[in-house]
Amino acid sequence: MTRRYAPTLICAAATALVAAALPAHANGELTVYTTREPGLIQPLLSAFSAQTQIKVNTVFVKDGLLERVKAEGARSPADVLMTVDIGNLMDLVDGGVTQPVKSAALESAIPANLRGADGQWFSLSMRARVLYADKSSKLTTFRYEDLALPQYKGKVCIRAGQHPYNTALIAAMIAHDGEAQTEQWLRGVKANLARKATGGDRDVARDILGGICDIGIANSYYVGQMKASKPGTDARKWGDAINVIKPTFANSKSGGTHVNISGAAVAKNAPQRANAVRLLEFLVSEPAQVLYAQANYEYPVRKGVALDPIIGESIGVLKVDPLPLTEIAKYRKQASALVDKVGFDQ
Ligand SMILES: [Fe+2]
């Protein structure tokens, strides 16, 4: 080694000393814009900071994530954009506020159908759109198409068709069965509604307990939230009133259930790109995936991570519809138009 390198070495040593003296920010920081509830995401971000010594600045954005990042433009401090629903993620990609990421860790942890082919977005956790059925029901299997069967007239509860959870499901239906058949189906489901398509997913369980409906469609994690609630609370009574079935699509040979995701992307103008990638890689690591399962009752995207015991017992292992989410997302505008066309939410 020649003398010329000496200053660099001194510099590196000094940096190491400073780093040792400042453990909280030793490896810099990073800014996350997220639409997820603080209570759900903060434990994961705290675990990341503890492990990496990277400080996380979290900005909770309730609405208008895309508009905000767009307006900030090249000066945006956002490194990671985090949200739920494939539609919201695709809006970020289509809106031009994300950038491609190549990471072996992300590619090996996340199945190909749950991330953008170009690394523009990644799923971090899954939620299944499942059937809640009255506990006395003898149902053990169900196809989404069955919601339109005449035998369920006046017995179906569901939230608004225009809610992203349902638009994604209807988009998946178009991808599997085609638009004409999906319209027919939607008219059938509308005719079977026990009440207006409104409220939230947990209201399906509430209204099954209340005798208003026998079956309904809702997300899987609410089952965990309700069944884990304190005995005697309303939520616990709703959770205890239902059985959960994982529906499949009639035309799909593979027999998977429709899922939606929570996910994230690296922001196009990320000032801390390397730290952003590190956070995404951390979020699909085993310990973080365990947190997603246990704190949020979600399904891990990483193989081999244990489910929350309540989810494991009441819903069980998930067989995911293998249709890529990007393929499903292509039909969401058509799905939304169909909801209006058949007056589903009227
Ligand atoms: Fe939700």
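Modeller: Let's start with what a helix and a strand are in this predicted model. A helix is a DSSP run of H or I with at least four residues, a strand is a DSSP run of E with at least two, and both are numbered from the N terminus. With that in hand, D85 can be placed in the loop between β3 (80-84) and α4 (86-94).

Biologist: Thanks! What makes D85 count as buried or exposed?

Modeller: Its relative accessible area is 6%. Buried means under 20%, so D85 is buried.

Biologist: And what about the phi of D85?

Modeller: Phi of D85 is near 85°, a positive value, and D85 is not a glycine. For background, most residues other than glycine have a negative phi.

Biologist: Which value of phi does Q53 have, and where is Q53 placed?

Modeller: Q53 is not a glycine either, yet its phi is positive, about 60°. Q53 sits in the loop between α2 and β2 (55-60).

Biologist: Why is Q53 called partly exposed?

Modeller: Its relative accessibility is 28%. Buried needs a value under 20% and exposed a value over 50%, and partly exposed is what lies in between. Q53 therefore counts as partly exposed.

Biologist: Let's turn to the metal. How do you know which atoms coordinate the iron ion?

Modeller: A donor is an N, O or S atom within 2.8 Å of a metal such as this one. The OH atoms of Y165, Y221 and Y222 coordinate the iron ion at 1.9 to 2.2 Å, so they meet that cut-off. Along the chain, these donors follow the spacing Y-x55-Y-Y.

Biologist: Why do you say that Y165 and Y221 tie parts of the chain together?

Modeller: Y165 belongs to helix α6 (residues 164-177) and Y221 to helix α9 (residues 221-227), so the pair joins parts that are 56 residues apart in sequence. Both Y165 and Y221 are buried.

Biologist: What about N166, buried or exposed?

Modeller: N166 lies in helix α6 too. Its relative accessibility is 2%, and with the limit for buried at under 20%, N166 counts as buried. Among the residues N166 touches are R129 and I158, leaving aside residues up to four places away in sequence.

Biologist: Now the helix pairs. What makes α2 and α12 roughly antiparallel?

Modeller: Helix α2 (residues 38-52) and helix α12 (residues 286-296) pack at about 155°, and their axes are 10 Å apart. Angles over 145 degrees count as roughly antiparallel, so α2 is roughly antiparallel to α12. The crossing of α2 past α12 is right-handed. Residues in the contact include L40, I41 and P43 of α2, and A288 and L291 of α12.

Biologist: How many residues of that contact are nonpolar?

Modeller: Nine are nonpolar, one is polar and none is charged.

Biologist: And why are α6 and α15 described as roughly perpendicular?

Modeller: α6 packs against helix α15 (residues 332-341) at about 105°, with 8 Å between the axes. The range for roughly perpendicular is 65 to 115 degrees, and the two helices are therefore roughly perpendicular. In α6, T167, I170, A171 and I174 take part, meeting residues of α15 that include R332 and L338. This contact has six nonpolar residues, three polar ones and one charged.

Key: Residues numbered from 1 in each chain as written. Predicted model: local features only at pLDDT ≥ 70, side-chain atom pairs only at ≥ 80, totals over all residues. Heavy atoms only, no water. Donors = N, O, S within 2.8 Å, 3.2 Å for Na, K, Ca; no water. Buried < 20%, exposed > 50% of the residue type's maximum accessible area, 1.4 Å probe, protein only. Axes fitted to C-alpha atoms, helices over the stretch in contact; angles between N-to-C directions. Parallel < 35°, antiparallel > 145°, perpendicular 65-115°, else oblique. Left-handed = near helix turned anticlockwise from the far one by under 90°. Contact = heavy atoms within 4.5 Å. Nonpolar A, V, L, I, M, F, W, Y, C, P; charged D, E, K, R; others polar.
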